[in-house]
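User: I'm new to this one and would like a walk through the fold. Could you show it to me and take my questions one by one?

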Amino acid sequence: MIRRRKVLASVSIMLALAALSVIATHAVIAAVHAPTMPAAEALKLLLDGNQRFVAGKLEHPNQTPERRAEVAKGQHPFAAVLACADSRTPPEIIFDRGLGDIFTVRVAGNVADKVVIESLDYSVKHLGVRVVMVLGHRRCGAVIAAVEGHEGTADQDVGPMLSELRPAVAASKGMPGDPVENAVRENVKLVMKNLATSEELSAMVKSGDLKIVGGIYDLDTGTIEMLKD
């Protein structure tokens, strides 16, 4: 009888914890800023802008003095882009957008450390972003350095950037084709996964309120290849 009571007590505690977890998840989602626009619509704006960029038919939207005055009062970007710091990959240009349109986070290798994740979390919960694009690019210098230095020992001090890229190099090792291109792709996929499972963003991803997508930018053509989920 005593054992049965202990079991029932344990089950009750587990159920209570599960209920609290569900309540907490809903509370987090309810507390975030209203979406600027749906994820699908925001992604279409990005890709339409990239098509204009590729075709040389730039519209340069939201780059007027009036727009500057408008967003000075507050920002409500419709998308967030995590891109490489490479000077050839500025999101506002390759997506043909303007002031206040894109919440941009740029770091070599488009990796997602804690600071990057918290920055993107801010764009989602406080500014209304509902789509986050992880944008890698071909012939990425950071990835090249990670691939070339991958044969070092596991405890070798390679610095924080290359340490962030090592999992992608390891995941792509032995794949057919160019090792750098393979590592670039794997890095985007791993960063997408890290964001989607992060403490900050996972609840909204699971609920469908936030979409995380990945793409590879071609330095030669200007096109973006979207990766499958």
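Analyst: A definition to begin with: two strands pair if DSSP finds at least two bridges between them. Helices (H or I, at least four residues) and strands (E, at least two) are DSSP runs, numbered from the N terminus. Residues are numbered from 1 along each chain as its sequence is written, and side-chain values use heavy atoms, with hydrogens and water left out. This is a predicted model, where local features need pLDDT of at least 70, side-chain atom pairs count only at pLDDT 80 or more, and totals for chains, interfaces and linings use all residues.

User: What is the order of the strands in the open sheet?

Analyst: Strands of a sheet pair through backbone hydrogen bonds, either parallel or antiparallel. Here the pairing is mixed, and the open sheet has 5 strands. Reading across, their order is 2-1-3-4-5.

User: Which strands stand at the edges?

Analyst: Look for strands with a single partner, because one side of each is then left without a neighbour in the sheet. That picks out strand 2 and strand 5 (224-226).

User: How many degrees does the twist average from one strand to the next?

Analyst: Angles run from 0 to 180 degrees between N-to-C directions, and axes are lines fitted to C-alpha atoms, for helices over the stretch in contact. Going from one strand to the next, the twist averages 25 degrees.

User: Do strand 3 and strand 4 run parallel or antiparallel, and what is the bridge partner of L135?

Analyst: Strand 3 (residues 131-137) and strand 4 (residues 211-217) are joined by 7 bridges, and they run parallel. L135 has its bridge partner in strand 4, and that partner is G215.

User: Which residue in the turn of the hairpin has a positive phi?

Analyst: The hairpin is made by strand 4 and strand 5, which run antiparallel with 3 bridges. One bridge pairs I216 with E225 in strand 5. There are 6 residues between the two strands, and the one in the turn with a positive phi, about 85 degrees, is G222.

User: Which strands does helix 8 touch?

Analyst: Touching is contact, meaning heavy atoms within 4.5 Å. Helix 8 (residues 179-196) packs on the sheet, and its direction makes about 165 degrees with that of strand 4. The strands it touches are strand 1, strand 3, strand 4 and strand 5.

User: And what angle does helix 2 make with strand 3?

Analyst: Helix 2 (residues 39-55) also packs on the sheet, touching strand 1 (79-83), strand 2, strand 3, strand 4 and strand 5. Its direction relative to that of strand 3 is about 35 degrees.

User: Which element gives the largest share of the largest nonpolar core?

Analyst: A nonpolar core is a set of buried Ala, Val, Leu, Ile, Met, Phe, Trp, Tyr and Cys residues joined through side-chain atoms within 4.5 Å. Buried means under 20% relative accessible area, exposed over 50%, partly exposed in between (1.4 Å probe, protein chains only). The largest core has 36 residues, with L120, V132 and L195 having the most contacts inside it. Its largest share, 7 residues, comes from helix 8.

User: Which residues does L120 touch?

Analyst: Residues up to four places away in sequence are not counted here. The list for L120 is A80, L82, V105, V132 and L195.

User: Is the pair of F103 and Y122 stacked, edge-to-face or tilted?

Analyst: The structure holds 1 aromatic pair (rings of Phe, Tyr and Trp, its six-membered ring, with centres within 6.5 Å; planes under 30 degrees apart are stacked, over 60 edge-to-face, the rest tilted). F103 lies in strand 2 (residues 102-106) and Y122 in helix 5, so the pair ties together parts 19 residues apart in sequence. The ring centres are 6.3 Å apart and the planes stand at 45 degrees, so the pair is tilted.

User: How many disulfides does a search of the whole structure find?

Analyst: A disulfide is a pair of cysteine sulfur atoms within 2.5 Å. For C84 the nearest cysteine sulfur is that of C140, 4.0 Å away, and C84 is in no disulfide. C84 is buried, at 4% relative accessible area, and C140 is buried too, at 1%. The number of disulfides found in the whole structure is 0.

User: Is E118 buried, exposed or partly exposed?

Analyst: E118 sits in helix 5 (residues 114-125). Its relative accessibility is 44%, so E118 counts as partly exposed.
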